[in-house]
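Welcome! Take a moment to turn the structure around on your screen, and keep the sequence beside it as you read. We will walk through the chain together, one region at a time.

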Amino acid sequence: MPLASAQIVDGVVTLLKTVPASGARVFAARGWPLADTELPAWVVIAQGESLEVQTIHFPSLQRHTLSVDAVVKVRAVSDLDDAMHDLALAAMTALQGTAAAASLGSLPNVDCNVAGIDRELIGDGEAALGQLTLHLSITFQTMQNAPGVLV
C-alpha cells in the first residue's frame with residue numbers, strides 16, 4: 001500500500017481528469033516539459049506535509065495537513081485570462097463541488113480545500129502561455145504505525 005499522501009495525490013489526479021477542457025492530460029509530478037500541443041494540462045505535485053499527534057498512546061493517531069499544488073498550463077492566443085479562469089472554475093468544482101469530491105472520492109475522512117490561487121503569464125510582450133496554480137490544503141489521518149492507511 002502506498003504512503004497516504006501518495007494516495008491523496010492520486011485522488012486529486014483522478015478528480016482533475018474529469019475537467020473536460022484538459023481531459024486525461026493530468027500528471028502527478030511530471031518531470032519533463034509539456035509540449036504546446038499537450039495543453040491545457042495539469043501537473044499535481046505534493047509539497048510540504050505537517051503531522052500533529054492526536055493521542056498519547058501507541059500507536060498514536062496522527063492528523064496530516066498536506067499541501068498540494070495543482071498547476072495547469074494553458075495556451076490561448078486570445079483571452080488567456082479567461083481560459084485560465086474557466087479551468088480554475090472547473091477544477092475547483094471537481095475538487096470541492098460536492099461532499100464526495102471534497103473527500104477525494106472514496107478516501108475516508110479526507111478534506112480538500114483550495115487555500116490559494118496564483119496566476120502567471122509566461123513570456124515577454126504578447127503572452128500566449130499562462131500558468132495557474134491551485135494551492136490545496138488537504139487534511140487526513142493515519143495511525144503512527146500504519147502511514148499508508150487512511151483512518
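Two strands are said to pair if DSSP finds at least two bridges between them. Strands themselves (E, at least two residues) and helices (H or I, at least four residues) are DSSP runs, and they are numbered from the N terminus. Before going on, please note that this is a predicted model, in which local features need pLDDT of at least 70 and side-chain atom pairs count only at pLDDT 80 or more, while totals for chains, interfaces and linings use all residues. Residues are numbered from 1 along each chain as its sequence is written, and side-chain values use heavy atoms, with hydrogens and water left out.

Let us try out the pairing idea straight away. Strand β6 covers residues 146-150, and 2 bridges join it to β5 in an antiparallel arrangement. The two strands make a hairpin, with 2 residues between them. If you look at β6, you will find alanine 146 standing opposite methionine 143.

Now step back to the whole chain. How many helices and strands are there in the chain? There are 3 helices and 6 strands, and read along the sequence they follow the pattern α-β-β-β-α-α-β-β-β. The C-alpha trace spans about 60 × 30 × 25 Å along its principal axes. Of the 151 residues, 42% count as buried; buried means under 20% relative accessible area, exposed means over 50%, and partly exposed lies in between (1.4 Å probe, protein chains only). The accessible surface comes to about 7,800 Å², and 55% of that belongs to carbon and sulfur atoms; these areas come from the Shrake-Rupley method with a 1.4 Å probe, and for residues only the protein chains shown count as cover.

Let us move inside. In soluble globular proteins, nonpolar side chains tend to be buried together. A nonpolar core here is a set of buried Ala, Val, Leu, Ile, Met, Phe, Trp, Tyr and Cys residues joined through side-chain atoms within 4.5 Å. The largest such core has 35 residues, and those with the most contacts inside it include Ile8, Leu16 and Trp42. The elements giving two or more residues to this core are α1 (4-16), β2 (41-53), β3 (61-75), α2 (80-96) and β5 (129-143).

Helix α1 is a good place to pause. Of its 13 residues, 10 are buried, so the helix is largely enclosed by the rest of the structure. Among these buried residues are Ile8, Val9, Val12, Val13 and Leu16. The expected span of a helix is 1.5 Å times one less than its number of residues. For α1 this gives 18 Å, and the end C-alpha atoms are 19 Å apart, which agrees.

Who are the partners of leucine 16? Leaving aside neighbours within four places in sequence, leucine 16 is in contact (heavy atoms within 4.5 Å) with residues including Ser22, Trp42, Val44 and Leu95. Follow one of these to valine 44, which lies in strand β2 and is buried, with a relative accessible area of 0%. Beyond four places in sequence, the contacts of valine 44 include Val9, Val12, Val13, Val26 and Ala70. Valine 44 and valine 71 are 27 residues apart in sequence, yet their C-alpha atoms are 6.3 Å apart in space. Across the chain, residues 24 or more positions apart account for 59% of the contacts with a separation of 6 or more.

Another partner, serine 22, is found in the loop between α1 and β1. Is serine 22 buried or exposed? Serine 22 is buried, with a relative accessible area of 0%. Its side chain makes a polar contact of 3.1 Å with the side chain of tryptophan 42. A polar contact is a pair of N or O atoms within 3.5 Å; within protein, one must be able to donate a hydrogen and the other to accept it, and residues adjacent in sequence count only if both atoms are side-chain atoms. Serine 22 is also in contact with Pro40 and Leu87, among others.

Finally, visit some loops. Most residues other than glycine have a negative phi, and most peptide bonds are trans. The bond from leucine 39 to proline 40 is cis, with omega near 0°, and proline 40 lies in the loop between β1 (26-28) and β2. The bond from phenylalanine 58 to proline 59 is cis as well, with omega near -10°. Aspartate 79, in the loop between β3 and α2, has a positive phi of about 55° although it is not a glycine, and it counts as exposed at 54% relative accessibility.
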